[in-house]
Amino acid sequence: MIVGILGGGQLARMLAMAGQPLGIHCLFLDPARDACARTTGELLCGDYGDERLLDELARRAAVVTYEFENVPEASLRHLASRVTVHPHPKALALARDRWHEKRLFTDLGIPTPAFVAVDTRADLDQALAVTGRPAVLKTRTMGYDGKGQRVVRNTGDADTAFAALCGVPLILEGFVPFDREVSLVAVRHAAGDVRFYPLTENIHRNGVLAQSQARPGDPMTARAETYVGRLLAHLDYVGVLAVEFFQKGDTLLANEMAPRVHNSGHWTIEGAETSQFENHLRAVLGLPLGATRVLAPSAMVNFVGRLPQASAVLAVPGAHLHVYGKAARAGRKLGHATVRAPHEPDVLDALSRLRALVDLADWN
Ligand code: AMP
């Protein structure tokens with residue numbers, strides 16, 4: 001069985017690794033010759049708009065999926081007329097534009113921060129009157145890991161934020177003074193079977209996910225499952241969907257959704273009965289879904305910009321190291337460590353040791 005994947009980064013790589021025991025072979029399309037998934041499957045190296053390569057992907061793969069949101073829509077349309085694409089391109093079209101995404105949340109009764117589309121500097125002033133200050137000005141598309149966004153606290157900020165981001169459609173969002181950030185990773189099969197992983201508590205640094213901790217039994221679980229269930233049903237979704245929320249009091253505000261496997265679900269490789277990667281492959285291929293049961297208290301620390309010594313990571317009890325094989329660059333996700341330990345205090349202890357290795361010892 002061959003699964004085509006648009007993108008050859010670490011998510012594609014972990015999908016391919018999860019597929020190997022099941023006899024699933026992955027074929028990646030990525031413009032980078034050194035795309036890190038290349039060692040785990042076959043790389044078609046070229047532009048996402050290259051119709052010859054898209055046709056090859058469509059001809060050889062049983063199904064095509066994607067590992068990032070910014071796939072050109074024309075390429076997806078081209079593919080979808082030749083081969084099954086999961087999740088459905090309409091889910092991707094909604095997720096890639098923050099305004100459409102938040103409109104969908106609102107239509108489905110899912111709370112989200114106040115938001116207003118902004119195209120001109122005058123729009124920004126009107127939008128600030130709606131959201132209040134502080135607010136966050138973001139590009140509607142192509143933003144990830146905190147890129148393409150600026151906090152606006154005063155008129156000076158509004159000028160500089162607009163000057164920095166203008167030229168593309170923008171969105172202004174109310175700034176949420178959240179108590180914590182959580183995400184819910186879910187998987188849905190074409191036949192309608194839905195499984196949820198436990199709610200995961202996340203910490204970001206400079207807009208990039210730094211740490212995730214699985215929270216089975218979290219009191220916000222039922223609410224998050226209701227919201228994500230609505231999205232899955234509405235989109236007739238197939239595959240893994242992740243939704244990130246801000247929690248303030250007992251309110252969950254949806255920040256964004258990712259129609260793909262998600263960084264906050266990496267702990268499932270060692271921490272859950274079936275990882276998000278395996279379940280995504282099972283779902284897109286129409287295979288029965290695996291249990292999402294948690295095996296033991298679990299968490300993850302990301303290695304961004306620099307990898308710690310493998311020996312130091314592996315000396316932490318319960319730690320499992322994942323190195324993506326990417327060239328080091330500031331702000332780039334190079335690997336992660338999952339921690340799985342018999343008791344929660346052991347996980348917390350391992351997390352603080354891992355954070356110390358990546359100069360984040362002063363957290364919490
Ligand atoms: P995003 O790219 O939208 O996921 O934003 C990256 C991170 O920036 C989030 O995980 C939050 O930590 C922070 N952030 C984004 N939008 C807001 C907001 N409206 N209010 C408060 N913090 C935000």
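S264 touches several residues that are distant from it in sequence. Leaving aside neighbours within four places, its contacts are S183, V185, T200, N202, L209 and S212. This model is predicted. The briefing covers S264, then the ligand site, helix α1, two cis peptide bonds and two residues with positive phi.

**S264 and its surroundings**

- S264 sits in the loop between β14 and α9.
- Its relative accessible area is 0%, under the 20% cut-off, so S264 counts as buried.
- The side chain of S264 makes a polar contact with the side chain of H262, at 2.8 Å.
- N202, one of the contacts of S264, falls within strand β11, which spans 200–205.
- L209 and S212 are also among those contacts, and strand β12 covers 208–214.

**The ligand site**

- The shell around the ligand holds 16 residues.
- Which of them come nearest? They are R98, K138, V176, E181 and E256.
- Three side chains place an N or O atom close to a ligand atom, as the next points show.
- For E181, the distance to an oxygen atom of the ligand is 2.6 Å.
- For Q149, the distance to a ligand oxygen is 3.1 Å.
- For E173, the partner is a nitrogen atom of the ligand, 3.3 Å away.
- On its own, the ligand has 470 Å² of accessible area, and the protein covers 92% of this.
- Three strands each supply at least two shell residues: β6 (135–139), β8 (170–174) and β14 (251–258).
- Domain 2 (114–174) and domain 3 (180–363) each give at least three residues to the shell.
- The shell is mixed in class, with five nonpolar, six polar and five charged residues.

**Helix α1**

- Helix α1 runs over residues 10–19.
- Is this helix largely enclosed or largely open? Nine of its ten residues are buried, so the rest of the structure largely encloses it.
- The buried residues are Q10, L11, A12, R13, M14, L15, A16, A18 and G19.
- An α-helix has 3.6 residues a turn, so residues three or four places apart point the same way.
- What do the buried residues of α1 pack against? Their partners include the strands β1 (2–6), β2 (25–30), β16 (319–323) and β17 (333–340).
- Two helices are also partners: α9 (268–271) and α10 (276–285).

**Cis peptide bonds**

- The peptide bond from H86 to P87 is cis, and its omega is near -10 degrees.
- P87 belongs to the loop between α3 (73–80) and α4 (89–95).
- R133 and P134 are also joined by a cis peptide bond, with omega about -5 degrees.
- P134 lies in the loop between α6 (121–131) and β6.
- Strand β6 is also one of the strands that supply residues to the ligand shell.

**Positive phi outside glycine**

- N206 is not a glycine, yet its phi is positive, at about 55 degrees.
- The loop between β11 (200–205) and β12 (208–214) contains N206.
- Is N206 buried or exposed? Its relative accessibility is 78%, so N206 counts as exposed.
- D236 also has a positive phi, near 45 degrees, and is a residue other than glycine.
- D236 is in the loop between α8 (221–234) and β13 (239–248).
- With 48% relative accessibility, D236 counts as partly exposed.

Definitions and conventions. Residues numbered from 1 in each chain as written. Predicted model: local features only at pLDDT ≥ 70, side-chain atom pairs only at ≥ 80, totals over all residues. Heavy atoms only, no water. Near = heavy atom within 4 Å. Polar contact = N/O pair within 3.5 Å; in protein donor to acceptor, adjacent residues only side chain to side chain. Areas by Shrake-Rupley, 256 points an atom, 1.4 Å probe, with all protein chains shown as cover. Helix = DSSP H or I, 4+ residues; strand = E, 2+ residues; numbered from the N terminus. Nonpolar A, V, L, I, M, F, W, Y, C, P; charged D, E, K, R; others polar. Domains from an automatic or database assignment. Buried < 20%, exposed > 50% of the residue type's maximum accessible area, 1.4 Å probe, protein only. Contact = heavy atoms within 4.5 Å.
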